[in-house]
Amino acid sequence: MTDLRNSKKLLILDDEEEIAKILGEIAVDCGFSVSLSHTAPDFLDKVDPSFDCVILDLMIPGMDGVDVIRFLSEKDVHPDVILISGADRRTLHSAETLAGEYGLHIAAVMEKPIRVSDIRNTLSAIAEKESDISSRTKTGGKGNSGPTFEKEEVLEGVRSDQFILFYQPKFDLKTGRVEGFEALVRWNHPKLGLVFPDSFLPLMEKETNILNLMTEKIIDLALDETRIWHTNGRKLRVAVNVSPVTLTELDFPERILSKIKNKGIPQSQFQMEITETGFLENIRFTQDILTRLRIRGIGLSIDDFGTGYSSLKQLHRFPFTELKIDKSFVMDSPRDRESLFICQASIDLGHKLGMNVVAEGIETAEVERLMKEAGCDVGQGYYYSRPIHPEKIPEILSKFG
Ligand code: C2E
Ligand code: CA
Ligand code: CA
């Protein structure tokens, strides 16, 4: 018998009573204490923050699952959500995305008919998971989380060198060896500790003078670090993230090139990952700058490919040498066929255009295998390593070579 005092609470909404009952039995087996609802009003009445998990049928007479999702987020109830439905995968997928936007945590998405083994595995994983307070508080979409800052404070932080770089290895999927590192900025805040880019980049992109200053500084940091690798006999590449907002000063290429030359690093070992976050006002300037950087042999990567402004049009217009498939497609690839197709098509497209293709967001061996099978060149993600402090780089290199 399960000890109900310690068991997690699950609420099931499915108008098909037979299915709800079976799901309930499986859940009890996995150690949950279970409540059932067969109508949306009853569900809305029962649900409260004490539930650790809900199973939600998206198609309920009188109310659709999207209404329920919105209701949960408005009520500030944030359980692990398992979505089930007889709807097709694309519809399920867009419901899942929407739920994410509303700050809900989707543990799994399942098409009916549901396999007992699938639901059992998912429920057991949730039952065994440590209670995670943070996953049950509202985090909202990207950009709404974390602390907020005044521009004076950010500028002062940049001026006094509080912005540092963490490095995440990129792996050659054929050899399994490290081929380079991506530099990711962190604010080493005197009071708050490490602050992530989501909390300060949006402000910087509006205050371009701050962003320009930070970009110059982090490029210096990245080049200093690369120089250490090279003097230690490892000719690894470094990739820095550059927002196109910074690419408006026409002397940018010359400044970067002279920095690279001064450090004695071959141009080909320096790469810039370009993420577009908004409409480019001065596309001709950007094109001019990127073309000149490329002519001088600097690698250019189109980041987050397949989302936002990182589109076929940009791919066609600018001289990119590397394509990074957005991590959302990579992460979803094992359980969402369409995401896998998008990865495959991006890899083939990149190769046809003569580019190196990177899959970022590889968190499991299974995703690594799928990306290898699809012919992807480079992999990056928590499966290998999180972004790390530069002190830890030798450890990574001795582990993976
Ligand atoms: P990005 O360039 O797409 O970088 C990848 C982000 O995904 C990083 O978040 C990284 O920590 C995270 N990530 C890496 N592997 C995995 C994984 O397996 N699973 C998951 N869930 N996440 C993974 P981070 O460091 O918070 O950076 C966020 C974004 O901020 C970056 O996205 C980039 O667009 C921007 N950024 C970072 N550093 C700089 C910088 O120096 N300059 C500019 N302009 N933008 C930067
Ligand atoms: Ca990047
Ligand atoms: Ca990315």
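Donors here are N, O and S atoms within 2.8 Å of the metal, or 3.2 Å for Na, K and Ca; water is not among the atoms, so sites may look incomplete. This is a predicted model, where local features need pLDDT of at least 70 and side-chain atom pairs count only at pLDDT 80 or more, while totals for chains, interfaces and linings use all residues. Residues are numbered from 1 along each chain as its sequence is written, chains are lettered from A and ligands numbered from 1 in the order in which they are written, and side-chain values use heavy atoms, with hydrogens and water left out.

**Exercise 1. Find the protein donors of the calcium ion (ligand 2) and work out their spacing in sequence.**

Step 1: Look around the ion. You should land on E182 (OE), N241 (OD1), E273 (OE) and D303 (OD), at 2.2 to 2.4 Å.

Step 2: Write the donor residues in chain order, and the pattern reads E-x58-N-x31-E-x29-D.

Step 3: Place two of them in the fold. E182 sits in strand β9 (residues 178-189) and E273 in strand β12 (residues 270-274), so this pair, 91 residues apart, links distant parts of the chain. Strands are DSSP runs of E with at least two residues, helices are runs of H or I with at least four, and both are numbered from the N terminus.

Step 4: Check exposure. Both E182 and E273 are buried, meaning under 20% relative accessible area (exposed is over 50%, partly exposed in between; 1.4 Å probe, protein chains only).

**Exercise 2. Which residue bridges the calcium ion (ligand 3) and the calcium ion (ligand 2)?**

Step 1: List what coordinates ligand 3: D303 (OD), D304 (OD) and E360, which appears twice through OE, at 1.9 to 3.1 Å. Along the chain, that gives the spacing D-D-x55-E.

Step 2: Go back to the ligand 2 donors, which include D303. D303 is the bridge, and the two ions lie 4.6 Å apart.

Step 3: Trace the chain. D303 is in strand β13 (residues 299-305) and E360 in strand β15 (residues 356-360), so the pair ties together parts 57 residues apart in sequence. D303 and E360 are both buried.

**Exercise 3. Why is C53 not in a disulfide with C30?**

Step 1: Apply the cut-off: a disulfide is a pair of cysteine sulfur atoms within 2.5 Å.

Step 2: Check the distance. The closest cysteine sulfur to that of C53 is in C30, 10 Å away, so it is too far for a bond. C53 is also buried, at 0% relative accessible area.

Step 3: Try C376. The nearest cysteine sulfur, in C343, is 8.0 Å away, and C376 is in no disulfide. C376 is buried too, with a relative accessible area of 3%.

Step 4: Tally up. The count by this rule is 0 disulfides.

**Exercise 4. Locate the residue that the UniProt record annotates as "modified residue: 4-aspartylphosphate".**

Step 1: Read the record. This unreviewed entry puts the annotation on D57; UniProt positions are in the numbering used here, feature names are shortened, and annotations may be inferred rather than shown by experiment.

Step 2: Find D57 in the fold: strand β3 (residues 53-57). D57 counts as buried, at 3% relative accessibility.

Step 3: Step back to the domain. The record's "domain: Response regulatory" covers residues 9-127. That span is 46% helix and 27% strand, with its end C-alpha atoms 9 Å apart.
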